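The following exercises concern one protein chain. Each task is followed by a solution in steps.

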Amino acid sequence: QVQLVESGGGLVQPGGSLRLSCAASGSIFSINAMGWYRQAPGKQRELVATITGGGSTNYADSAKGRFTISRDNAKNTVYLQMNSLRPEDTAVYYCNAAVRRAGVKIEYSYWGQGTQVTVSS
């Protein structure tokens with residue numbers, strides 16, 4: 001199986017920064033796209049940012065200029081550096097990865113358990 005474990009969430013004041021990490025482990029042959037999504041109370045889960053295996057990135061408009069997604073392929077880990085945080089960034093942040101498992105020909109989408117980010121004074 002494959003597990004995604006997020007870390008780095010917490011409480012931060014408006015204007016502050018946080019860095020989220022998500023490490024994938026298990027019977028992994030390769031990982032294609034990885035990404036971060038978030039879900040605020042009463043709202044649908046939404047895209048924050050994605051990054052391909054080759055390093056191409058895509059951001060939601062709300063994240064552009066403030067958040068940076070990166071990955072370390074050797075560690076099967078994706079990061080989200082979040083700067084200039086706002087109260088509206090408060091949400092549970094989920095990691096997602098498109099993983100090809102060892103011995104399996106197709107990719108499956110895996111999700112982490114989520115990490116809470118709260119932006120408040």
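**Exercise 1. Strand β11 and its partners**

Task: Determine which residue of β11 stands opposite Val12, and describe how the side chains along β11 are arranged.

Solution.

Step 1. Val12 stands opposite Val119 in β11. Strands here are DSSP runs of E with at least two residues, helices are runs of H or I with at least four, and both are numbered from the N terminus. The model is predicted, so local features need pLDDT of at least 70 and side-chain atom pairs pLDDT 80 or more, while totals for chains, interfaces and linings use all residues. Residues are numbered from 1 along each chain as its sequence is written, and side-chain values use heavy atoms, with hydrogens and water left out.

Step 2. Strand β2 (residues 10-12) pairs with β11 in the parallel sense over three bridges. Two strands pair if DSSP finds at least two bridges between them.

Step 3. On β9, Ala91 has Val117 of β11 as its bridge partner. The pairing of β9 and β11 is antiparallel and also comprises three bridges.

Step 4. In a regular strand the side chains alternate between the two faces of the sheet. In β11 (residues 115-119), Thr115, Val117 and Val119 point to one face and are buried, whereas Gln116 and Thr118 point to the other and are not. Buried means under 20% relative accessible area, exposed means over 50%, and partly exposed lies in between (1.4 Å probe, protein chains only).

**Exercise 2. The open sheet**

Task: State the order of the four strands in the open sheet and name its edge strands.

Solution.

Step 1. The order is β1-β3-β8-β7, with antiparallel pairing.

Step 2. The edge strands are β1 (2-7) and β7, since each pairs on one side only.

Step 3. Neighbouring strands of this sheet are turned by 15° against each other on average, direction ignored. The axes are lines fitted to C-alpha atoms (for helices over the stretch in contact), and angles run from 0 to 180 degrees between N-to-C directions.

Step 4. Within the sheet, β3 (residues 18-26) and β8 run antiparallel and are joined by six bridges. Ala23 stands opposite Thr77 of β8.

**Exercise 3. Salt bridges around Asp89**

Task: Identify which residues are joined with Asp89 into one network of salt bridges.

Solution.

Step 1. A salt bridge is a side-chain nitrogen of Lys or Arg within 4 Å of a carboxyl oxygen of Asp or Glu. The structure holds four of them.

Step 2. One of these joins Arg38 and Asp89 at 3.0 Å, N to O. Arg38 belongs to strand β4 (residues 28-39) and Asp89 to the loop between β8 (77-82) and β9 (91-101), 51 residues apart. Arg38 is buried at 7% relative accessible area, and Asp89 is buried at 1%.

Step 3. Arg66 and Asp89 also meet in a salt bridge, at 2.8 Å. Because Arg66 lies in the loop between β6 (57-59) and β7 (67-72) and Asp89 in the loop between β8 and β9, this pair ties together parts 23 residues apart in sequence. Both Arg66 and Asp89 are buried.

Step 4. Through shared partners, Arg38, Glu46, Arg66 and Asp89 form one network.

**Exercise 4. Aromatic rings**

Task: Classify the arrangement of the rings of Tyr37 and Trp111.

Solution.

Step 1. Rings of Phe, Tyr and Trp (its six-membered ring) pair if their centres lie within 6.5 Å; planes under 30 degrees apart are stacked, over 60 edge-to-face, and the rest tilted. One aromatic pair is counted.

Step 2. The ring centres of Tyr37 and Trp111 are 5.1 Å apart and the planes stand at 65°, so the pair is edge-to-face.

Step 3. Because Tyr37 lies in strand β4 and Trp111 in strand β10 (residues 107-111), the pair connects parts that are 74 residues apart in sequence. Tyr37 is partly exposed at 21%, and Trp111 is partly exposed at 38%.

**Exercise 5. The nonpolar core**

Task: State how many residues the largest nonpolar core has and which strand supplies the largest share.

Solution.

Step 1. A nonpolar core is a set of buried Ala, Val, Leu, Ile, Met, Phe, Trp, Tyr and Cys residues joined through side-chain atoms within 4.5 Å.

Step 2. The largest core has 31 residues, and Trp36, Leu80, Met82 and Tyr93 have the most contacts inside it.

Step 3. Strands supplying at least two residues each include β1, β3, β4 and β5 (46-51). The largest share, five residues, comes from β9.
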